[in-house]
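I opened my notebook to a fresh page for this one. Come and look along with me as I go from place to place.

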Amino acid sequence: DDCPICQLPLPLDIKQFSFRPCCMKKMCKGCVLKSYKHGIDDCPFCRGKQPKDKGQFIAMVQKRADTGDPEAICYLGAVYREGRYGLKADNAMAKKMLTKAAELGVKFAHLLLGQIYYCEGESAKMHKHWVAAAISGDVYARHQLGCMDYDDENYGRAVQHWKISAKMGLEGSLNAIKDLFLKGHATKMDYAEALRGYQSAAEEMKSPERREASLLP
């Protein structure tokens, strides 16, 4: 995903981007800092007022979900899965909302559904949702598919999955290929290709504003 303001790929580190319930957008901390320097205390993207507490936060998400916003529906599904913001954990409700969000095209919903079915031992449904998420561009689902192939000792397919996620900037996938190389299940060329792709992705995620924001306490 890209930051909707600077249009650079969002960092994978959740500490380096900010989520706003007013517009359901994730934006990099560099753009948030830049907006703050220009005197903008509201949302840098839509200029919406920010919630004062967790109650207002989840109420804003609920309001957008009620209008059919796919991202808001997905977010609520995740909240019901974990039991946050004063809402009691409800696995059935989580699956219902995440399934609806997935049908509306939210790749993260597929990732979370895969995790739920993994915990429930539903391997076929888990695989189905992770494949859907990976095809839609979810880096973590792609990595998980590689892990599944690794567990099945299908090292060639695992490397191919991990190459894709490494080239999207996931260091864990790069390290997994390195581990396979050291064990003799991947080639030096495999690791070199993944390393180049990872470095390129990491470079694309950088900006002076993001670096400045990362240095703040």
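**Entry 1: the largest pocket**

I am working with a predicted model. My first look-up was which elements each supply at least two residues of the lining of the largest pocket. I wrote down two strands, β1 (17-20) and β2 (25-28). I then added the helices α3 (70-82), α5 (107-119), α7 (139-151) and α10 (188-204). Which of the elements gives the largest share of this lining? It is α3, with 5 residues.

Next I looked up the volume, and the largest pocket holds about 1300 Å³ of space. Its lining runs to 38 residues, and the closest to the centre are Asp1, Leu10, Phe17, Lys26 and Phe108. I also checked what kinds of residue make up this lining, and I noted 23 nonpolar, 4 polar and 11 charged.

**Entry 2: the second largest pocket**

I turned to the second largest pocket, where the volume came out at about 310 Å³. How many residues line this pocket? I found 13, and those nearest its centre are Pro11, Gln16, Ala202, Met205 and Lys206.

Helix α10 turned up again here, since α10 and α11 (208-214) each supply at least two residues of the lining of the second largest pocket. The most comes from α11, which gives 3 residues. By kind, I noted 5 nonpolar, 4 polar and 4 charged residues in this lining.

**Entry 3: the nonpolar cores**

From open space I moved on to packing. The largest nonpolar core has 31 residues, and I marked Val61, Leu98 and Ala109 as the ones that touch the most other members. Two or more residues of this core come from each of α2 (54-66), α3, α4 (91-103), α5, α6 (123-135) and α7. Helix α3 gives the most to this core, with 8 residues. I had already met α3 in the first entry, as the source of the largest share of the lining of the largest pocket.

I picked Leu98 for a closer look. Which residues is Leu98 in contact with, leaving aside its neighbours within four places in sequence? My list reads Cys74, Gly77, Ala78, Ala109, Leu112, Leu113 and Ile116.

I also found a second, separate core of 11 residues, with Ala158, Val159, Leu180 and Tyr198 among them.

**Entry 4: Ser173**

I looked up Ser173 next and found it in helix α9 (residues 171-182). Is Ser173 buried or exposed? Its relative accessibility is 0%, so I put Ser173 down as buried. Not counting residues up to four places away in sequence, Ser173 touches His143, Trp162, Ser165 and Ala166.

**Entry 5: two positive phi values**

My last look-ups were about the backbone. Arg47 is not a glycine, yet I found a positive phi near 65° there. This residue, Arg47, lies in the loop between α1 (29-37) and α2. I noted Arg47 as partly exposed because its relative accessibility is 44%.

Where is Tyr85 found? I placed Tyr85 in the loop between α3 and α4. Its phi is positive too, at about 55°, although Tyr85 is not a glycine. With a relative accessibility of 23%, Tyr85 also went into my notes as partly exposed.

Conventions: Residues are numbered from 1 along each chain as its sequence is written. This is a predicted model: local features need pLDDT of at least 70, side-chain atom pairs count only at pLDDT 80 or more; totals for chains, interfaces and linings use all residues. Side-chain values use heavy atoms; hydrogens and water are left out. On a 1 Å grid over the protein atoms alone, a cavity is a set of points where a 1.4 Å probe fits but cannot get out, and a pocket is an open set with protein on both sides within 12 Å along at least five of seven lines; lining residues have an atom within 4 Å of a point. Grid points are joined across faces, edges and corners, and a volume is the space filled by probe spheres set on the points. Helices (H or I, at least four residues) and strands (E, at least two) are DSSP runs, numbered from the N terminus. Ala, Val, Leu, Ile, Met, Phe, Trp, Tyr, Cys and Pro count as nonpolar, Asp, Glu, Lys and Arg as charged, and the others, Gly among them, as polar. A nonpolar core is a set of buried Ala, Val, Leu, Ile, Met, Phe, Trp, Tyr and Cys residues joined through side-chain atoms within 4.5 Å. Buried means under 20% relative accessible area, exposed over 50%, partly exposed in between (1.4 Å probe, protein chains only). Contact means heavy atoms within 4.5 Å.
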